[in-house]
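Reader: I am new to this structure and would be grateful for a close look at a single part of it. Please choose the part, and then show how the rest is connected with that starting point.

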Amino acid sequence: MVGCSLKGDCTMQVVRIFVHLLAASMFSYSVFYDWYFVVVPREVSPVSGGYGGKFKYLTFWDAVIQSLFFILCLFNDFFGSNENDPKTKPLLRRIKDYVQVTIEFPVAMFVGITFWALYAVDRELVFPKVIDQFFPSWLNHVMHTHIMGFAALEMVIACRRYPSRSKGLTGLLGFMLIYLTWVFVIFNKSGQWVYPVLAVLNWGQKGLFFAVLLLLVTGLYLLGEKLNNYVWGKHLKLDQSPRKSSIKKVK
């Protein structure tokens, strides 16, 4: 195993592999099950099926992302590096770290928080009760609850250095804008909004709604940054940043 020089390192590496294998298996199976076995008749939910298929939902996008991310984590466990802050990071580690901080963590939290918040207000706005008979409860929790737990757990069991906020937020907001564009494409092609809540809002309210969502996901990115600094700050070589090094040279 990579990065297993001490007994404690080996124990932590085994924990990482177990968590990554469990998450990769669970999310991959959830994608498989949703794709092949969850079929909601159009007469029950007009937005189901039709243009965009499963990929009309951010929940499904995120489940695919989680599956691929934790598979990437497994590859990194064996062929990359889990050192806290290596001077030279393997390509697998660089991709893993960037994907996690810009998409995996904030989008997982965003999907879970927005789903359960709307569900608490009026579940018909996001997950009508009539769908329960076609979409099993366990799958609902994997895609809307477990994603948050495993995203948070990964922040604790593996270290990463956040990129500059401009690079990190550019990646995140770029991803979110691509999805919002896709939502409008689906409406233009089918005449149906992906989420029932959009059908009850006028255009001004939709604009405000989307703005609030973008602010929320930005806040979740910053939350991830704060959490990472809290858990791993003392392990990161902050005193070797270019700015501090240049200050020492001047002195």
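Author: The account below begins with a surface patch and then turns to the interior, the charged pairs and the aromatic rings.

The model is predicted, so local features require a pLDDT of at least 70 and side-chain atom pairs a pLDDT of 80 or more, while totals for chains, interfaces and linings use all residues. Residues are numbered from 1 along each chain as its sequence is written, and side-chain values use heavy atoms, with hydrogens and water left out.

The chosen part is a nonpolar surface patch of about 780 Å², made by Tyr29, Phe32, Trp35, Tyr36, Phe37, Phe55 and Trp138. A patch consists of residues with over 30% relative accessible area and no salt bridge, in which like charges are joined within 9 Å and nonpolar side chains (Val, Leu, Ile, Met, Phe, Trp, Tyr) within 5 Å. Accessible areas come from the Shrake-Rupley method with a 1.4 Å probe, and for residues only the protein chains shown count as cover. Helix α1, residues 7-37, gives the patch its largest share, 5 residues. Helices here are DSSP runs of H or I with at least four residues, strands are runs of E with at least two, and both are numbered from the N terminus.

Phe32 is a member of the patch and belongs to helix α1. With a relative accessible area of 38%, Phe32 is partly exposed, a class that lies between buried (under 20%) and exposed (over 50%), judged with a 1.4 Å probe and protein chains only. Phe32 also belongs to one aromatic cluster, together with Tyr29, Tyr33, Tyr36, Phe37 and Trp138.

Helix α1 also contributes to the interior. The largest nonpolar core has 50 residues, of which Phe27, Leu58, Phe70, Phe175 and Met176 touch the most other members. Two or more residues come from each of α1, α2 (58-79), α3 (91-122), α4 (137-157), α5 (165-190), α6 (196-199) and α7 (203-232). A nonpolar core is a set of buried Ala, Val, Leu, Ile, Met, Phe, Trp, Tyr and Cys residues joined through side-chain atoms within 4.5 Å. Beyond its neighbours within four places in sequence, Phe27 is in contact (heavy atoms within 4.5 Å) with Ala63, Gln66, Ser67, Phe70, Val142, His146, Ile147 and Phe150. A second, separate core has 12 residues, including Phe60, Ala63, Phe127 and Ile131.

The charged pairs come next. The whole structure has 8 salt bridges, each a side-chain nitrogen of Lys or Arg within 4 Å of a carboxyl oxygen of Asp or Glu. In one of them the side chains of Asp34 and Lys54 meet at 3.0 Å, N to O. Asp34 lies in helix α1 and Lys54 in the loop between α1 and α2, so this pair ties together parts that are 20 residues apart in sequence. Both Asp34 and Lys54 are buried. Elsewhere, Arg123 and Asp132 form a salt bridge whose closest N and O atoms are 2.7 Å apart. Arg123 is buried at 14% relative accessible area, whereas Asp132 is partly exposed at 33%. Salt bridges with shared partners also join Lys89, Arg93, Lys96, Asp97 and Glu154 into one network.

The aromatic rings complete the picture. A pair of aromatic rings is described by the distance of the centres and the angle of the planes. The structure holds 32 aromatic pairs; rings of Phe, Tyr and Trp (its six-membered ring) pair if their centres lie within 6.5 Å, with planes under 30 degrees apart called stacked, over 60 edge-to-face and the rest tilted. Tyr57 and Tyr195 form an edge-to-face pair, at 6.2 Å centre to centre and 65 degrees between the planes. This pair links distant parts of the chain, 138 residues apart, since Tyr57 is in the loop between α1 and α2 and Tyr195 in the loop between α5 and α6. Tyr57 counts as partly exposed at 24% relative accessibility. Phe127 and Phe135 are also paired edge-to-face, at 5.5 Å and 80 degrees, and both are buried. Phe127 and Phe135 are in contact with Asn140, as are Phe115, Trp116 and Thr145, neighbours within four places in sequence being left aside. Asn140 lies in helix α4 and is buried at 7% relative accessibility.
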